Amino acid sequence: MKEAKQTPIEDLADLRSYFTSHNVIREHIAHSSKVHSVGWSCDGRRLASGSYDKSVVTFTLERNRLVQDFVFRGHTGSVDQLCWHASHPDLLSTASGDKSVRIWDTRSHKCAATIATKGENINIAWSPNGSTIAVGNKEDLVSFIDTKTYKVVVEEQFNFEVNEISWNNSSDLFYLTNGLGCVHILTYPSLELQTVLKAHPGTCICIEHDPTGRYFATGSADALVSLWDVNELACLRVFSRLEWPVRTLSFSFDGRLLASGSEDHIIDIGDTETGEKVAEIPVQASTFTVAWHPSRYLVAFACEDKEPPERKRDAGNLKLWGLPNNG
């Protein structure tokens with residue numbers, strides 16, 4: 001059963017007011033070293049984290065608290081990115097430096113499949129229709145895995161630095177960002193290049209599609225976040241409140257709010273309709289990963305460990321923001 005969706009807040013002043021009374025941060029120890037990736041299951045009941053410590057940890061969201069559910073072990077290298085199935089709340093995919101992709105069944109607590117790939121994997125994206133997992137490695141090779149057979153069906157080698165990969169909501173277009181500031185859009189499954197957008201003057205680091213299918217956003221090394229209209233492929237607005245390269249992006253369930261993380265000591269929460277700032281999350285170090293809950297105004301995130309090596313206080317922690325101040 002899915003969590004009931006929170007009623008979207010339409011008015012910008014009301015949104016700002018909501019987050020003045022819902023800005024508590026709760027910290028959870030998840031791993032023994034830094035957390036690279038966090039993500040929510042499609043029903044919003046579980047949060048998963050992947051770490052440099054080679055493990056994947058799942059939590060259940062109970063009222064306003066995360067309760068550790070299970071530690072998945074099996075990868076022999078760093079877990080660099082994870083991605084849940086868009087409609088099956090128990091299936092989770094992970095990309096690792098151990099040259100494999102793993103599919104985990106979070107209900108049975110078992111590894112459902114291990115797929116060998118050619119290189120050290122750094123990013124992963126599960127198509128919204130569930131049929132294909134794309135995984136990119138350090139050598140800029142993207143492999144496409146058929147989830148019926150758990151076999152690699154096609155590989156595409158790119159001659160430029162591939163930074164992040166994403167699907168459109170209908171799973172027929174595949175997007176990737178590159179080191180030249182461009183977004184390449186390819187048809188799937190034919191992988192014909194449809195469009196190249198010059199998105200940023202600097203390296204284009206991350207890309208994210210919004211759940212409602214209206215927008216996608218790109219973040220770059222020039223500290224800018226660009227919001228794009230999916231159909232027109234036009235840049236609607238640019239968010240420029242950060243000062244450092246943008247590493248991670250996430251849209252709220254209603255597409256209204258865009259969270260942007262970087263080496264800045266804030267995570268910026270911007271309004272997609274006006275570009276205005278709605279709120280900010282204070283952080284003590286670079287943000288690796290940020291993820292809005294699929295039906296509530298709640299953000300999970302993880303930061304780099306900035307403590308001296310002998311004090312591992314922040315290493316392996318993840319955080320939840322947006323909790324009620326009286327809760």
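## A tour of the chain, one selection at a time

Start by selecting Val 278, which counts as buried because its relative accessibility is 8%. This is a predicted model, so keep that in mind at each stop. Val 278 belongs to strand E25, which covers residues 277-282. Now show everything around Val 278, leaving out neighbours within four places in sequence: the contacts are Leu 12, Leu 15, Arg 16, Phe 19, Leu 257, Ile 269, Gly 270 and Asp 271. For a distance label, pick the C-alpha atoms of Val 278 and Asn 326; they are 48 residues apart in sequence and 20 Å apart in space.

**Zoom out to the whole chain**

Switch to a cartoon view. How many helices and strands does the chain have? You should find 1 helix and 28 strands. The C-alpha trace spans about 50 × 45 × 45 Å along its principal axes. If you compute the radius of gyration, the value is 18 Å, which agrees with the figure near 20 Å for a compact globule of 327 residues.

Next, colour by relative accessibility. Buried residues make up 59% of the 327 residues. A surface view of the chain exposes about 13,500 Å², with carbon and sulfur atoms supplying 48% of that area. Colouring by charge brings up 32 positive and 42 negative side chains, and the centres of these two sets lie 7 Å apart. If you prefer a contact map, look at the contacts with a separation of 6 or more: residues 24 or more positions apart account for 45% of them.

**His 31 and its serines**

Now go to His 31, in the loop between strand E1 (24-29) and strand E2 (35-40). Is His 31 buried or exposed? His 31 counts as buried, because its relative accessibility is 6% and the cut-off for buried is under 20%. Show side chains here and you can draw two dashed lines. One is a polar contact of 2.7 Å between the side chains of His 31 and Ser 49; the other, at 3.0 Å, joins the side chains of His 31 and Ser 55. Widen the selection to residues in contact with His 31, again skipping those within four places in sequence, and the set includes Gly 50, Ser 51, Asp 53, Val 56 and Val 57, as well as Ala 315 and Gly 316.

**On to strand E28**

From Gly 316, a contact of His 31, step along to Lys 319, in strand E28 (residues 317-323). Lys 319 counts as buried, because its relative accessibility is 10%. Add Ile 25 to the selection. How far apart are the C-alpha atoms of Lys 319 and Ile 25? They are separated by 6.5 Å, although the two residues are 294 residues apart along the chain.

**Asp 90 and Arg 107**

Select Asp 90 next; you will find it in the loop between strand E6 (79-84) and strand E7 (91-96). At 9% relative accessibility, Asp 90 counts as buried. Which side chain makes a polar contact with the side chain of Asp 90? The partner is Arg 107, at 3.1 Å. Beyond four places in sequence, Asp 90 is also in contact with Arg 46, Trp 84, Trp 104, Asp 105 and Thr 106.

**Three backbone stops**

Most residues other than glycine have a negative phi, and most peptide bonds are trans. With that in mind, open a Ramachandran panel and visit these exceptions.

- Arg 63 has a positive phi, near 55°. This residue sits in the loop between strand E4 (56-62) and strand E5 (65-72), and at 78% relative accessibility it counts as exposed.
- Leu 233 also has a positive phi near 55°. Look for Leu 233 in the loop between strand E20 (225-229) and strand E21 (234-239); its 22% relative accessibility makes it partly exposed.
- The peptide bond from Tyr 188 to Pro 189 is cis, with omega near 15°. Pro 189 is in the loop between strand E16 (182-187) and strand E17 (193-198).

**Last stop: Cys 235**

Finish at Cys 235, in strand E21. Cys 235 counts as partly exposed, because its relative accessibility is 37%. Setting aside residues up to four places away in sequence, Cys 235 touches Ser 226, Leu 227 and Trp 228. For a closing label, pick Leu 197: its C-alpha is 9.8 Å from that of Cys 235, with their positions 38 residues apart in sequence.

Key: Residues are numbered from 1 along each chain as its sequence is written. This is a predicted model: local features need pLDDT of at least 70, side-chain atom pairs count only at pLDDT 80 or more; totals for chains, interfaces and linings use all residues. Side-chain values use heavy atoms; hydrogens and water are left out. Helices (H or I, at least four residues) and strands (E, at least two) are DSSP runs, numbered from the N terminus. Buried means under 20% relative accessible area, exposed over 50%, partly exposed in between (1.4 Å probe, protein chains only). A polar contact is a pair of N or O atoms within 3.5 Å; within protein, one must be able to donate a hydrogen and the other to accept it, and residues adjacent in sequence count only if both atoms are side-chain atoms. Contact means heavy atoms within 4.5 Å. The radius of gyration is taken over C-alpha atoms; the globule rule is 2.2 Å times the number of residues to the power 0.38. Accessible areas come from the Shrake-Rupley method with a 1.4 Å probe; for residues, only the protein chains shown count as cover. Lys and Arg count as positive and Asp and Glu as negative; His and the chain ends are not counted. The place of a charge is taken as NZ of Lys, CZ of Arg, CG of Asp or CD of Glu.
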